[in-house]
Amino acid sequence: MKRIINLTYAAIKRYGAKRWSVCRGTIEINTNYVVSVGQCEIQGIYRSSCDLPFIVELSNGTKLLAYFHSYGTRTDDEMLGDQAEAANAAIDPDVYGKVSFYMLNQ
């Protein structure tokens, strides 16, 4: 398993913040500092064909909404494995616009 991965995210919520910041950004994270990875519970809104939304929580309390392209069924543990960067890079760029539109119009 890779120790350092680069993830592109659609939204970020820093520790102590009350709201998510909607922006497309890239973060380099050490997988040792990831507390949890789980599928976003409101997938109906954020899901886009084969691009699945996941919430990645870091040990400092920061949460990221990141997408991973699914070529089949993926488990949460695989989202930090060797294929994570490739699955994250393969998503449809239109996903970011949909997330921004939804979150900013709530």
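**Strand pairing and burial in the predicted model**

When neighbours within four places in sequence are set aside, Cys 23 is in contact with Tyr 9, Ala 10, Ala 11 and Ile 12. Cys 23 belongs to strand β2, and in this predicted model the relative accessible area of the residue is 31%. Cys 23 is therefore classed as partly exposed, since that class lies between the limits of 20% and 50%. A further relation links Cys 23 to Tyr 96: the two residues are 73 positions apart along the chain, and their C-alpha atoms are separated by 8.0 Å.

The protein as a whole comprises three helices and five strands, arranged from the N terminus in the order β-β-β-α-β-β-α-α. The protein has 106 residues, of which 43% are counted as buried. Among contacts with a sequence separation of 6 or more, 51% are between residues 24 or more positions apart. The accessible surface amounts to about 6200 Å², and carbon and sulfur atoms contribute 48% of this area.

The five strands form an open sheet with antiparallel pairing, in the order β2-β1-β5-β4-β3. Strands β2 (residues 21–30) and β3 (residues 34–39) occupy the edges; each has a single partner strand, so one side of each lacks a neighbour in the sheet. On average, neighbouring strands of this sheet are turned by 35 degrees against each other, direction ignored. In general, the strands of a sheet pair through backbone hydrogen bonds, in either a parallel or an antiparallel manner.

At one edge, β1 and β2 run antiparallel and are joined by eight bridges. Within this pair, Ile 12 stands opposite Ser 21 of β2; Ile 12 is also one of the residues in contact with Cys 23. Strand β1, which spans residues 4–13, additionally pairs with β5 in the antiparallel sense over four bridges. Ala 11 stands opposite Leu 65 in β5, and Ala 11 likewise appears among the contacts of Cys 23.

The other partner of β5 considered here is β4 (residues 51–58), with which β5 pairs in the antiparallel sense over seven bridges. Phe 54 has Ala 66 of β5 as its bridge partner. The hairpin of β4 and β5 has four residues between the strands, and Gly 61 in this hairpin adopts a positive phi near 95 degrees.

Strand β5 is mostly covered, with six of its seven residues buried. His 69 is located in this strand, which covers residues 63–69. The relative accessibility of His 69 is 17%, and the residue therefore counts as buried, the cut-off being under 20%. The side chain of His 69 forms a polar contact of 2.7 Å with the side chain of Asp 51.

Ser 70 lies in the loop between β5 and α2 (residues 84–89). With a relative accessible area of 9%, Ser 70 is buried. Apart from neighbours within four places in sequence, Ser 70 is in contact with Cys 50 and Leu 52. The C-alpha atoms of Ser 70 and Ile 91 are separated by 8.9 Å, with the two residues 21 positions apart along the chain.

On the edge strand β3, Val 37 has a relative accessibility of 14% and hence counts as buried. The C-alpha atom of Val 37 is separated by 8.3 Å from that of Leu 80, a residue 43 positions away along the chain.

Helix α3 (residues 94–104) has the buried residues Val 95, Tyr 96, Val 99 and Met 103. These residues cover an arc of only 100 degrees around the axis and are therefore placed on the same side of α3. In general, an α-helix has 3.6 residues a turn, so residues three or four places apart point the same way. The face of α3 turned away from the buried side carries the exposed residues Lys 98, Phe 101 and Leu 104. Tyr 96, one of the buried residues of α3, is also the residue whose C-alpha atom is separated by 8.0 Å from that of Cys 23.

How values were computed. Residues are numbered from 1 along each chain as its sequence is written. This is a predicted model: local features need pLDDT of at least 70, side-chain atom pairs count only at pLDDT 80 or more; totals for chains, interfaces and linings use all residues. Side-chain values use heavy atoms; hydrogens and water are left out. Helices (H or I, at least four residues) and strands (E, at least two) are DSSP runs, numbered from the N terminus. Buried means under 20% relative accessible area, exposed over 50%, partly exposed in between (1.4 Å probe, protein chains only). A polar contact is a pair of N or O atoms within 3.5 Å; within protein, one must be able to donate a hydrogen and the other to accept it, and residues adjacent in sequence count only if both atoms are side-chain atoms. Contact means heavy atoms within 4.5 Å. Accessible areas come from the Shrake-Rupley method with a 1.4 Å probe; for residues, only the protein chains shown count as cover. The arc is that of the directions from the helix axis to the C-beta atoms. Two strands pair if DSSP finds at least two bridges between them. Axes are lines fitted to C-alpha atoms, for helices over the stretch in contact, and angles run from 0 to 180 degrees between N-to-C directions.
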